[in-house]
Structures are given as C-alpha cells and as structure tokens.
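Here are my notes on this one, written as numbered points. Have the model open while you read.

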Amino acid sequence: MTDHELMGIALDEARAAVHHGDVPVGAIVFLDGAVIAQRHNERELGADPTAHAELLALRDAAAAVGTSRLDGAVLASTLEPCPMCAGAALLSRIGRIVFGADDPKAGSVGSLYNLADDPRLNHQIAVKSGVRSSECAALLTEFFEARR
C-alpha cells in the first residue's frame, strides 16, 4: 500500500472519533503487506488521557503479532505524534512513521521535538510528514470550529 492509501484508512478512523466527542485523530499500523491495527482517539470515550489513536493502534498491533517489537512496521497517523506516542513508537521499534498534519504545539517527530531522530536514544525512526496534510488538518479545524 502507498502512504496515500495508508493515510486514507487513518482518516476514516479519525472521522469515527467525532461520533463520541473525541478529537479526530486516526492511526494505523501496517506490517508485512497488511494493516494489523487501526484505531482512533478514545480519550473522552474511555475517560483515559492515554487513549491516543497511535498508542491504541500500537497496543493492538503488538497483541496481533504477539510481541512488543514491531520491527519494520509503519505507523501512520493523521496528526504528528505527541511525546507519549513518539516514545511508544520508539519502544516498539517501529520502522517508519507517516503523518499528515504537523502539530506545532506537541509534535514530537519534527515540529516541537524530534524524538524519532535523537542519536542519544537506542532507536531511530524514519519519518515522512505531510501525507494528505490538508485533509488531516481540515478534519481537525472543522472539529474545533464546531465546538466553539
């Protein structure tokens, strides 16, 4: 699958978050030619501050393969991962992160921090930003405008 196609699945997940009042962020994990996990934000749904789409997708992916190491997998997210999600991606040894919209307030794979390429850490992750960024950003903008 192309990065464009992966982001399409993540965007579908993001749209699902709106139905229960969560910020529309979606994430998927792609490994060995298949999507092995796909989730959306569930912070409000579960009253859980850690229920970010990326973290939930990484948990499901690890359960699907039976190990915490997701070597060679791609994490695709509609929004640049925050420090928690970037840290989880590092710990899972994700091979690549693909994201749509930049997050200048909390983005941790290039915008505010760059945990994915910090040589002081024991793993680095290739990052591709800006995939379908206008669609990803528009979804977030529409969500927050409707709440004002």
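1. Let's start with helix H1, whose buried residues are Asp-3, Leu-6, Met-7, Gly-8, Ile-9, Ala-10, Leu-11, Glu-13, Ala-14 and Ala-17. Asp-3 and Glu-13 are on that list alongside the likes of Leu-6 and Ile-9. Keep in mind throughout that this is a predicted model.

2. What sits over those residues? The cover for the buried residues of H1 includes strands E1, E2 (34-40), E3, E4 and E5 (126-128), together with helix H5.

3. The length of H1 checks out. With 16 residues at 1.5 Å a residue, H1 should span 22 Å, and its end C-alpha atoms lie 23 Å apart, so the two agree.

4. On to the largest nonpolar core, which has 42 residues. The members that touch the most other members are Val-29, Leu-58, Leu-75, Ile-94 and Ile-97. Two or more residues each come from helix H1 (3-18), strand E1 (26-31), helix H3 (53-65), strand E3 (74-79), helix H4, strand E4 (96-101) and helix H5 (133-147). Which element gives the most to this core? That is H1, with six residues.

5. Leu-58 deserves a closer look. Leaving aside residues up to four places away in sequence, Leu-58 touches Val-29, Leu-70, Leu-75, Cys-85, Ala-88, Ala-89, Ser-92 and Ile-94. Among these contacts, Val-29, Leu-75 and Ile-94 also appear with Leu-58 in the list of core residues that touch the most other members.

6. Ser-92 picks up the story from the other side of that contact. Ser-92 belongs to helix H4 (residues 83-92). Is Ser-92 buried or exposed? Its relative accessible area is 6%, under the 20% cut-off, so Ser-92 counts as buried. Not counting residues up to four places away in sequence, Ser-92 touches Leu-58, Ser-68, Arg-69, Leu-70 and Asp-71. Leu-70 is thus a contact of Ser-92 and also of Leu-58.

7. Now the largest pocket, at a volume of about 410 Å³. Of its 21 lining residues, Val-23, Val-25, Asn-41, Leu-79 and Asp-103 are the closest to the centre. The lining divides into 10 nonpolar, three polar and eight charged residues. Helix H2 (43-46) and H5 each supply at least two residues of that lining, and H5 gives the most, with four.

8. H5 therefore turns up in several places: it helps cover the buried residues of H1, gives two or more residues to the core, and contributes to the pocket lining. One residue of H5 is Ser-134. With a relative accessible area of 57%, which is over 50%, Ser-134 counts as exposed because of that cut-off. Ser-134 and Gly-100 are 34 residues apart in sequence, with 7.8 Å between their C-alpha atoms.

9. Two backbone angles to inspect. Asp-32, in the loop between E1 and E2, has a phi near 50°, a positive value in a residue other than glycine. Arg-132, in the loop between E5 and H5, is not a glycine either, yet has a positive phi of about 55°.

10. How do those two residues sit with respect to the surface? Asp-32 is exposed, at a relative accessible area of 75%. Arg-132, at 22% relative accessibility, counts as partly exposed.

Technical notes
Residues are numbered from 1 along each chain as its sequence is written. This is a predicted model: local features need pLDDT of at least 70, side-chain atom pairs count only at pLDDT 80 or more; totals for chains, interfaces and linings use all residues. Side-chain values use heavy atoms; hydrogens and water are left out. Buried means under 20% relative accessible area, exposed over 50%, partly exposed in between (1.4 Å probe, protein chains only). Contact means heavy atoms within 4.5 Å. A nonpolar core is a set of buried Ala, Val, Leu, Ile, Met, Phe, Trp, Tyr and Cys residues joined through side-chain atoms within 4.5 Å. On a 1 Å grid over the protein atoms alone, a cavity is a set of points where a 1.4 Å probe fits but cannot get out, and a pocket is an open set with protein on both sides within 12 Å along at least five of seven lines; lining residues have an atom within 4 Å of a point. Grid points are joined across faces, edges and corners, and a volume is the space filled by probe spheres set on the points. Ala, Val, Leu, Ile, Met, Phe, Trp, Tyr, Cys and Pro count as nonpolar, Asp, Glu, Lys and Arg as charged, and the others, Gly among them, as polar. The expected span of a helix is 1.5 Å times one less than its number of residues.
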